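This briefing introduces one structure to a reader who has not met it before. Please look over the sequence and the structure, then turn to the points that follow.

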Amino acid sequence: QVQLVESGGGSVQAGGSLRLSCAVSGYTFSACMGWFRQAPGKEREAVALISPGRYTTYYADSVKGRFTISHDNDKNTLHLQMDSLKPEDTAMYYCAARSSGSRVCTLYVRPEQFNYWGQGTQVTVSS
């Protein structure tokens, strides 16, 4: 059974940093993984993705240069380092993974094409 468990969310002031973690079990990093976020009244959007093998990363324009996605193979954990946070980064953040055999990993992949999801962790940035 695949389980994704996020942690690390919280409340920070603008300009601050947070590091999100997603502990993964029952799943080997063999397809696209990433972080999504959803603010109240808005659609869920991809924030950062990472592909296996070459660890190619993809970032939404709104977070480029501020967020960094990484995967720790030893601990089978996905991370999202978030720096220079802005109030508009406030959202519920979700970890997600595509099933093995799914080759595509770009920001054009829709959320519904990700097969496994965590329960989410709240990030709140105050001005």
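In which sense do β9 and strand β11 (residues 121-126) pair, and over how many bridges? The two strands pair in the antiparallel sense, over three bridges. The structure is a predicted model, in which local features need pLDDT of at least 70 and side-chain atom pairs count only at pLDDT 80 or more, while totals for chains, interfaces and linings use all residues. Residues are numbered from 1 along each chain as its sequence is written, and side-chain values use heavy atoms, with hydrogens and water left out.

**Strand β9 and its partners**

- Strands here are DSSP runs (E, at least two residues), numbered from the N terminus, and two strands pair if DSSP finds at least two bridges between them.
- Strand β9 spans residues 91-97.
- Six of its seven residues are buried (under 20% relative accessible area, 1.4 Å probe, protein chains only), so β9 is largely enclosed by the rest of the structure.
- Strand β4 (residues 33-38) pairs with β9 in the antiparallel sense over six bridges, and Gln38 stands opposite Met92 in β9.
- In the pairing of β9 with β11, Tyr93 faces Thr121 as its opposite residue.
- Strand β10 (residues 116-117) is also an antiparallel partner of β9, over two bridges; here Ala97 stands opposite Tyr116.
- In a regular strand, side chains alternate between the two faces of the sheet.

**Gln113, in the loop after β9**

- Gln113 lies in the loop between β9 and β10.
- With a relative accessible area of 28%, Gln113 is partly exposed (between the buried limit of 20% and the exposed limit of 50%).
- Not counting residues up to four places away in sequence, Gln113 touches Arg98 and Tyr108 (contact meaning heavy atoms within 4.5 Å).
- The side chain of Gln113 also reaches the backbone nitrogen of Arg110, at 2.8 Å.
- Gln113 and Asp72 are 41 residues apart in sequence and 23 Å apart in space, C-alpha to C-alpha.

**Positive phi values outside glycine**

- Tyr55, a residue other than glycine, has a positive phi near 55 degrees.
- Tyr55 sits in the loop between β5 (45-50) and β6 (57-59) and is partly exposed, at 31% relative accessible area.
- Ser84, likewise not a glycine, has a positive phi near 50 degrees.
- The loop between β8 (77-82) and β9 holds Ser84, which counts as partly exposed at 40% relative accessibility.

Note on methods:
Helices (H or I, at least four residues) and strands (E, at least two) are DSSP runs, numbered from the N terminus. A polar contact is a pair of N or O atoms within 3.5 Å; within protein, one must be able to donate a hydrogen and the other to accept it, and residues adjacent in sequence count only if both atoms are side-chain atoms.
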